[in-house]
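Biologist: I'd like to go through this one with you. Could you pull it up?

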Protein chains: 2
Amino acid sequence: METSELVDRLLAGERRALARALTRVEDGSEDRLREIIGLLHPHTGKAQLVGITGSPGVGKSTLTNELVAAWRQADRRVAVLAVDPSSPFSGGALLGDRVRMQDHVLDDGVFIRSMASRGHLGGLSWATPQGLLVLDAAGFDVVIVETVGVGQAEVEIASIADTTVVAMAPGMGDAIQAAKAGILEVADVFCVNKADREGADRTVRELRDMQHLAEHHEGGWTPTIHKTVAAAGEGITELRDGIDAHRAWLADSGGLERRRVDRARLQLREIALGAIRRRFAQVEDGQAVDRLSQRIAAREVDPYTAADELLASLES
Amino acid sequence: METSELVDRLLAGERRALARALTRVEDGSEDRLREIIGLLHPHTGKAQLVGITGSPGVGKSTLTNELVAAWRQADRRVAVLAVDPSSPFSGGALLGDRVRMQDHVLDDGVFIRSMASRGHLGGLSWATPQGLLVLDAAGFDVVIVETVGVGQAEVEIASIADTTVVAMAPGMGDAIQAAKAGILEVADVFCVNKADREGADRTVRELRDMQHLAEHHEGGWTPTIHKTVAAAGEGITELRDGIDAHRAWLADSGGLERRRVDRARLQLREIALGAIRRRFAQVEDGQAVDRLSQRIAAREVDPYTAADELLASLES
């Protein structure tokens, strides 16, 4: 299918077109990515972007699932991009997606998709922010990106989300770990899940104590702390409202606009640096270099003029 | 002085113009380097380029000094570029140069210059190959680049010289060290200096043994091994003849042409990659990025089109 037709169908709300567009964004060449993002981009910028991260075992996918239901109760359309940095697999056909979808399988207002993380060491793949743009253009009111918090992932998620939720569980020493990893700086909302377990209040207390220590946040937002028992559906509405409250504050304070410009800057840089890196590789590869080297050795051209010729001949 | 006038005077044999040209090559901006190399380059490619390297304490500078005298006896004009990777200082006014020059101070056919090594970790600076071009253009028959053999320096010297001489001293375990550091692969000529010391024959034997183990050399040159006592002037003529013999073999076998093309390739790459790196820095710096990021955030332009605009606006 032509990309322009695919985009038209996606904008018209066709789910198959949406799935296909995500696949193109994931697997596509630079040229295809450029084409599809170029067409979709004018239709983006409307969705509320929520990042959810946390260590393995804190119950992130249950939490995400419950949040989806909570936003559906508020009549908002919700998409989830579940990024697994440890998996080489992705795509809508995965068992994981089917399990995740079972609560929402008849609901047209929900879309869930797994994506492998590739390319960035310990972080999100380049396809992730593009995937968010696709889901945004498809008209979802809330787009959640969920990922395991390892290494760079939290910081990267904060760079692409309006609101970053850091999920923890009691007794995992997570508050101290989080402080060490600099997560306090990126979290807008904390969720202490499995709050029926022993130590939940202590984790909340540790988080509060550490917030006082940490320099925080543009414009003076103090991250809120919510207790949930996602498996029993407890505290979810409050967590949803907490996330919405942060987003409302962000819009009022001018922070939303600032984050959007920051995201645009990241994206622009990544694309421009990618183009420059490809030129690097072309020089290192050296095929275009050989003929010019012979002319330099024969003193037909000086090395600086030859370098100008070489750079001009590389694909931009 | 205008660069074109400086180059004219250098080509006419003016020593002050030569010293000044070397300073410009060392300290000059990219633009000045480009200008001076562009003018000098057509006049290069005639000198015999000799690299001399070895660990501290093997007597390299005495050896170089004696070799200069030996080539002078053969009526060849000789220049030395002494590169000190550990020194932040360079230039003709250094005490070291004066001491070195004392044997040749009245001899117009000798020129000695120290150069600090900057920019390349543990290796030669970018100015070194440019300095060789300047001395080559100035009409010296033999141009020696001498440096302490630490880390990458031997490999880099081999990449810019026709003949690479690795100097050693007995009893320093140098043969084995050399094997470990991969120096056997880059040496065309070995010199066991201080050969009146105990263990000289053993060092020669070790070198021979290791040569059999090492895969060596384009076209089948087996590095020659020479014993010298530089402080007493012993073995120097034979060493000089050994170096000349390698160069003659190189010219006959086609290896000289190949090395020249390889050198040109290195130089071309370095210049082209430098230009690309500057563009990188311009994107990272982000000043041109800000305005475009705002336009992306406002959905006035998509990020790929913005990246095209950004790259087009960068200085090439």
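Biologist: How far from the ring centre of A:Phe140 is the charged end of A:Arg77?
Modeller: Bear in mind that this is a predicted model, where local features need pLDDT of at least 70, side-chain atom pairs count only at pLDDT 80 or more, and totals for chains, interfaces and linings use all residues. Side-chain values use heavy atoms, with hydrogens and water left out, residues are numbered from 1 along each chain as written, and chains are lettered from A in the order written. A charge sits over a ring if NZ of Lys or CZ of Arg is within 6 Å of the ring centre and within 35 degrees of the ring normal. The charged end of A:Arg77 sits over the A:Phe140 ring, and its distance from the centre is 4.6 Å.

Biologist: And in chain B, which residue lies over the face of B:Phe140?
Modeller: The distance to the ring centre there is 4.6 Å. The residue over that face is B:Arg77.

Biologist: Are the planes of A:Phe111 and A:Phe140 stacked, edge-to-face or tilted?
Modeller: Rings of Phe, Tyr and Trp (its six-membered ring) pair if their centres lie within 6.5 Å; planes under 30 degrees apart are stacked, over 60 edge-to-face, the rest tilted. Here the centres are 6.3 Å apart and the planes at 40 degrees, so the pair of A:Phe111 and A:Phe140 is tilted.

Biologist: How many residues apart in sequence are the parts that this pair ties together?
Modeller: A:Phe111 belongs to strand β3 (residues 110–116) of chain A, while A:Phe140 is in the loop between α6 (127–137) and β4 (142–148). Helices (H or I, at least four residues) and strands (E, at least two) are DSSP runs, numbered from the N terminus. The pair therefore links parts of chain A whose separation in sequence is 29 residues.

Biologist: Is A:Phe140 buried or exposed?
Modeller: Buried means under 20% relative accessible area, exposed over 50%, partly exposed in between (1.4 Å probe, protein chains only). A:Phe140 has 4% relative accessibility, and its partner A:Phe111 has 8% and is buried. So A:Phe140 counts as buried.

Biologist: What relation do a rotation of 180 degrees and 0.1 Å of shift along its axis give between chains B and A?
Modeller: Copies are superposed by least squares on the C-alpha atoms of residues with pLDDT of at least 70 in both. That rotation and shift put chain B on chain A with an RMSD of 0.1 Å. The relation is therefore that of a two-fold axis.

Biologist: Which residue of chain B has the C-alpha nearest the axis?
Modeller: That C-alpha is 3.4 Å from the axis. The residue is B:Ile276.
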